[in-house]
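Colleague: I have just opened this one and would like a walk through it before I set anything up. Could you take me through the fold and then a few individual residues?

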Amino acid sequence: MTTTQELTAGLDDLPYNVFARVCPSRGTLEHVTGRWGALTLGALHEGSLRFNELRRRVDGVSEKMLSQTLHALERDGLVHREAQPTNPPRVDYELTPLGHGVAERLLALIHFVEGSMDDVLAARERYDAARA
């Protein structure tokens with residue numbers, strides 16, 4: 001088992017440390033690992049999508065939350081927004097190279113979680129039964 005100390009070893013040598021309260025990497029980590037950020041990045045890994053296509057792909061996200069998520073991810077350099085001067089306007093969203101790197105890592109985690117759900121559900125049942 002890996003300890004927190006092993007995970008954080010060598011972080012003092014890095015210019016950023018997500019474990020430090022004031023580190024700006026915390027905000028980006030929050031944008032990437034939040035429910036809507038992770039799902040948005042995962043959906044865009046498949047290719048460029050328009051806003052409503054993305055909203056349908058990320059089932060359950062409100063228009064407001066998707067808009068806020070896309071703004072945060074664009075600001076962090078993970079998503080590129082392409083507005084085309086047509087009538088009506090067409091806006092496409094796609095991952096930047098940095099966004100692709102993040103999305104690939106997130107998708108590995110997502111696939112691991114999906115593949116482990118039988119174990120997770122069994123653990124939940126054991127936990128709930130022990131507390132009943």
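Modeller: Buried residues make up 27% of the 132 residues in the protein, and please keep in mind as we go that this is a predicted model.

Colleague: OK, and how many helices and strands are there in the protein?

Modeller: The protein has seven helices and three strands, and read from the N terminus the elements follow the order α-α-α-β-α-α-β-β-α-α. Of the contacts between residues at least 6 apart in sequence, 42% join residues that are at least 24 apart.

Colleague: In what order do the three strands sit in the sheet?

Modeller: The sheet is open, its order is β1-β3-β2, and the pairing is antiparallel. The edge strands are β1, at residues 49-50, and β2, at residues 79-84, each of which pairs on one side only.

Colleague: How many bridges are there between β2 and β3?

Modeller: There are six bridges, and they join β2 to β3, which covers residues 90-95, in the antiparallel sense. As one pair to look at, His80 has Glu94 in β3 as its bridge partner.

Colleague: Which helix lies across those strands?

Modeller: That is α3, residues 35-44, which lies across β1, β2 and β3 and runs at about 95° to β3.

Colleague: And at what angle do α3 and α5 pack?

Modeller: Helix α5 spans residues 63-75, and it packs with α3 at an angle of about 75°, the two axes being 10 Å apart. Angles of 65 to 115 degrees count as roughly perpendicular, and α3 and α5 are therefore described as roughly perpendicular to each other. On the α3 side the contact is made by Trp36, Gly37, Thr40, Leu41 and Leu44, while α5 contributes Met65, Leu66, Thr69, Leu70 and Leu73. Sorted by class, this contact has seven nonpolar residues, three polar ones and no charged ones.

Colleague: Thr40 is in that list, so is it buried or exposed?

Modeller: Thr40 sits in helix α3, and because its relative accessibility is 0%, Thr40 counts as buried. If neighbours within four places in sequence are left aside, Thr40 is in contact with Leu54, Val58, Leu66, Thr69, Leu70 and Leu73.

Colleague: Changing helix, how do the axes of α3 and α6 cross?

Modeller: Helix α6 covers residues 97-115, and its axis comes within 9 Å of the α3 axis, with a crossing angle of roughly 105°. That pair is therefore roughly perpendicular as well, α3 to α6. The residues that meet are Ala38, Leu41 and Gly42 in α3 and Val102, Ala103, Leu106, Leu107 and Ile110 in α6. By class, the contact of α3 with α6 comprises seven nonpolar residues, one polar residue and no charged residues.

Colleague: Back to the sheet for a moment, where is Glu82?

Modeller: Glu82 is placed in strand β2, and with a relative accessible area of 36% Glu82 is partly exposed.

Colleague: Which residues does Glu82 touch, not counting those up to four places away in sequence?

Modeller: On that basis Glu82 touches Arg90, Val91 and Asp92. There is also a polar contact between the side chains of Glu82 and His80, at 3.1 Å.

Colleague: What separates the C-alpha atoms of Glu82 and Arg50?

Modeller: They are separated by 9.5 Å, and along the chain Glu82 and Arg50 are 32 residues apart.

Definitions and conventions. Residues are numbered from 1 along each chain as its sequence is written. This is a predicted model: local features need pLDDT of at least 70, side-chain atom pairs count only at pLDDT 80 or more; totals for chains, interfaces and linings use all residues. Side-chain values use heavy atoms; hydrogens and water are left out. Two strands pair if DSSP finds at least two bridges between them. Helices (H or I, at least four residues) and strands (E, at least two) are DSSP runs, numbered from the N terminus. Contact means heavy atoms within 4.5 Å. Axes are lines fitted to C-alpha atoms, for helices over the stretch in contact, and angles run from 0 to 180 degrees between N-to-C directions. Angles under 35 degrees count as roughly parallel, over 145 as roughly antiparallel, 65 to 115 as roughly perpendicular and the rest as oblique. Ala, Val, Leu, Ile, Met, Phe, Trp, Tyr, Cys and Pro count as nonpolar, Asp, Glu, Lys and Arg as charged, and the others, Gly among them, as polar. Buried means under 20% relative accessible area, exposed over 50%, partly exposed in between (1.4 Å probe, protein chains only). A polar contact is a pair of N or O atoms within 3.5 Å; within protein, one must be able to donate a hydrogen and the other to accept it, and residues adjacent in sequence count only if both atoms are side-chain atoms.
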